[in-house]
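New to this one? Here's a quick briefing to read alongside the sequence and the 3D view.

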Amino acid sequence: MNAVLTLRGITARRGGHDILRGIDLDIAPAETLGLIGASGAGKSTLARIVLGLDRPDGGQRHLAAAGVQAVFQDPQGSLDPTHSIARIVAEPLATRRVRRPERARRTLAALEAVGLPATLATQRPGSLSGGQRQRVAIARALIADPALLVADEPVSALDVSVQAQVLNLLRDARRERGLSMLFISHDLAAIRHLCQRVAVLHDGRIVECAPAETLFATPRHDATKALLTGRPLPADAALGR
Amino acid sequence: MDALTTLRSFASRLLWLALALLACSAITFAILDILPGDPARAMLGMNATDEALTALHAKLGLDRPPMMQYLAWLDDLAHLRLGTSMTYDIPVAQLLSGRLAITLPLAAGAMTIALSLGLPFGAIAARRRHRADGVMLDAAAQLLQSVPDFWLGIALVGIFALHWRFAPSGGFPGWAHPAAALGALVLPALALALPQAAVLMRVMRSALISIEPQDFIRSARARGLSPARIFLRHALPHALLPVLTIATMQISFLIGGAVVVETVFDLPGLGRMLFDAVGNHDLVVLRDLVLLVAAAITLLSMLAEWLATRLDPRGQPR
Amino acid sequence: MNRPDPRLLLGATCLAGPIALALLSLAWTPFAVNGLDIAHRLLPPDAAHPFGTDGFGRDLLSRSMAGLRATIATALAATGLGAAIGIPLGITIAASHERRSAPLRRLADLVFAFPPVLTAAMLAALWGGSAAGAVVAIGAFDVPVFARIAAAAALPVLAQDFIAASRLAGRGPLGVLWWHILPNIAAPLIVQASLQAGIAVLAEAGLTYLGFGLPPPAPSLGGMLKDYQSALGAAPWLVLIPGALVTLLVLGCNLLGDGLRDRLAR
């Protein structure tokens, strides 16, 4: 198997604490890997390392193909309030010196692909709804034609009614483009909806990694069981996590 | 704060002060001795002979490598051996003491005036901000803080010295005549102080206004405390913090302003000394003088900063 | 928000006159700036000489126009210099780890120990008084001010996801700085630039008064105050007018800054 992303022995320390204690992970082409774990388990730290935004303190990260993009949790903070929607979506093209007419054409196509009207192009993020903003973020990620998309809690800040639309958008992107995805969420329904394989992050380690159906049907590790039943582990509860 | 942390923070401040003074000396040295431009040439003028230049270079130690010159200067400073003025051929230290006796009282007096005018008027302006007189007060302060202090000095001379003959228009009789000496400092101190008082007044005003809607003021009011008590015990300590921060930064403005104002009033203080040193290209005086002023500003700023942490009603050192 | 802040209007009005005079002086002044006319010396303001004439019969309006030009140019250049160094420095401070940013912060604050008059005195001793010396001396003092404001404003912006998204889109550090950080911290910086320009005008007048700035015979507002100070009793307008022009410029900058602060505040 020729993995798009390979992580080997990733460790990370933040503020004197071991956040990640040796992560091994592979994501295959066109595979969506779900990542679940209690809050504070290190999911976002791992996401930033996968994206190359932060450097791990140890271990190796290897991306088979160029290009990793992200959809972040907070649709408010992930779009620059001083830029127009068109400029936000086209930023990955601008840095690659794609010519302006070509840029404009692909921007409109990208907006259309995520179901946004072309009239939004000239507006600023401030006048958009949360769901619209997250669609813009997806359009920006997809226009760069990445090999891997990291979605860090992409729907948890959205209204329940628009969550499904955004999730379907991500699912379609994988189907149509053969996109690999690291999907981080604490929403088990969303994970089940989208992911072929699920990894459980607990206490800085991947304690269980299995096909989605297997994992949901027969969880092995206590941490997984706790997450599935919605009851925190005694240790987590004691730590106030 | 227990004794140990107090001691530790005191020690770290002292260490930082030493480092800051060292950095000040390095900056001064770098500007005066490393920047292109030959001090000896500047002193002797354009038609100096090569022999004269070489001789002066040797006398000033300019023929040594810059690092050695710097270390030699630091060594002199550490032993409080200030240089000898090239123009007057008297030790800088001797020159300084007479000058400080004018500039220090002038700056301290100006700061006192600025604080004692700025704070009460700021409180009044905050209290009466919705009335015509409060608005006028703020507008007047806005205007006053835009006035150049030395121009104000010239205007004060015009009004009080030339027109009404209340005060001398300049010069300094010396501290042997204390009353006359104080009289000679009144107008310059006012010229320096009034624009800064206006700045402090506006800071005080906006600090008090921003505190008013906060919870602890409301709860004090709900507890039925008298307005005077609320002001003194609750509002004032909080407002003093931003005021002190600004006052700290004003130390730099005051000393910079003193140089100009002393020139207006023909006071033979540090400012005049600086002015003369530049005019005479007396780099030995200039170097020591610049460092002295920079050190004084650093020291005073640090003192004020330390005072601010003690005053901080939140009780945590920042 | 519909009615413009009165302070903005008033500030712009204060600045408009002096700036117009300064610009006009580039092309035309009523009389030659240094043209002597002993027969018409110390004339009080009248129709031919709206600001009067000085002890050499030079037209004060023409000299003031040229002086304003020098003051405004110096103030703008100094503020620009301070901003150009201070803003990137402040953003660097905000972006670096506490352990590295604390000493940087301290180092920037050290500049406060050198008020413009000290730096300008040193430069004047080496090179003689010059407008460039004044620009450097005033601009250097602005560096820590802009660094502080930029650091405080950039800190929350840097944590936003759109900064991360921009890096993923392929922007380098300078691209992120230029396209995303600067536009998002512009408001407080513009306010500060306006206030600093006012302080720079004050400082320039002080430096030219001492002869540490633009050297004579070029007219400068501070230099005129120095020259005409002794004529205070005989010709008060010679002292009143240049000082009033300085005050007007500073007042305009301050009002503009205050008005912008309220307007741009979220």
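What follows is a short tour of chain B, its neighbours and its two domains.

Keep in mind from the start that this is a predicted model. Chain B gets most of the attention here, and its busiest partner is chain C: of the two pairs of chains that touch, B and C share the most contacts. Inside chain B, the domain assignment draws two parts, domain 1 (2-78) and domain 2 (92-315).

**What the UniProt record says about chain B**

- An unreviewed UniProt entry puts the feature "domain: ABC transmembrane type-1" at residues 100-308 of chain B.
- In the model, residues 100-308 of chain B are 82% helix and 0% strand, with the end C-alpha atoms 27 Å apart.
- The unreviewed entry also places "transmembrane region" at residues 102-126, 147-167, 179-201, 239-265 and 285-308 of chain B.
- Take residues 102-126 of chain B: that span is 100% helix and 0% strand, and its end C-alpha atoms sit 36 Å apart.
- Residues 239-265 of chain B come out at 96% helix and 0% strand, with 35 Å between the end C-alpha atoms.

**Who chain B touches**

- Chains A and B have no contact at all, and their closest C-alpha atoms are 21 Å apart.
- With chain C things look quite unlike that: 45 residues of chain B are in contact with 42 residues of chain C.
- Together, chain B and chain C bury about 3800 Å², and 79% of that is on carbon and sulfur atoms.

**A look at the B–C interface**

- How many salt bridges are counted between chain B and chain C? There's one, and it pairs Asp258(C) with Arg202(B), whose closest N and O atoms are 3.2 Å apart.
- Polar contacts between chain B and chain C come to seven residue pairs, both residues being at pLDDT 80 or more.
- On chain B's side, at least two residues each come from helix H1 (3-34), helix H6 (132-144), helix H7 (149-163), helix H10 (227-264), helix H11 (270-279) and helix H12 (283-311).
- Sort the residues on the side of chain B that touches chain C by class and you get 32 nonpolar, 11 polar and two charged.

**How the two domains of chain B meet**

- The centres of domain 1 and domain 2 of chain B, taken over C-alpha atoms, are 30 Å apart.
- The contact between them involves 17 residues of domain 1 of chain B and 17 residues of domain 2 of chain B.
- Domain 1 and domain 2 of chain B bury about 1500 Å² between them, 75% of it on carbon and sulfur atoms.
- Which three residues give the most to the area domain 1 of chain B buries against domain 2 of chain B? They're Arg13(B), Leu32(B) and Trp73(B), which supply 34% of it.
- Between domain 1 and domain 2 of chain B, the salt-bridge count is zero, while one residue pair is in polar contact, both at pLDDT 80 or more.
- On the domain 1 side of chain B, the elements giving two or more residues are H1, helix H2 (39-44) and helix H4 (66-78).
- H1(B) brings the largest share of that side, with 11 residues.
- By class, the side of domain 1 of chain B that touches domain 2 of chain B has 13 nonpolar, two polar and two charged residues.

Conventions. Residues numbered from 1 in each chain as written. Chains lettered and ligands numbered in written order. Predicted model: local features only at pLDDT ≥ 70, side-chain atom pairs only at ≥ 80, totals over all residues. Heavy atoms only, no water. UniProt positions renumbered as here; feature names shortened; annotations may be inferred. Helix = DSSP H or I, 4+ residues; strand = E, 2+ residues; numbered from the N terminus. Contact = heavy atoms within 4.5 Å. Buried area = accessible area lost by both parts, 1.4 Å probe. Salt bridge = Lys/Arg side-chain N within 4 Å of Asp/Glu carboxyl O. Polar contact = N/O pair within 3.5 Å; in protein donor to acceptor, adjacent residues only side chain to side chain. Nonpolar A, V, L, I, M, F, W, Y, C, P; charged D, E, K, R; others polar. Domains from an automatic or database assignment.
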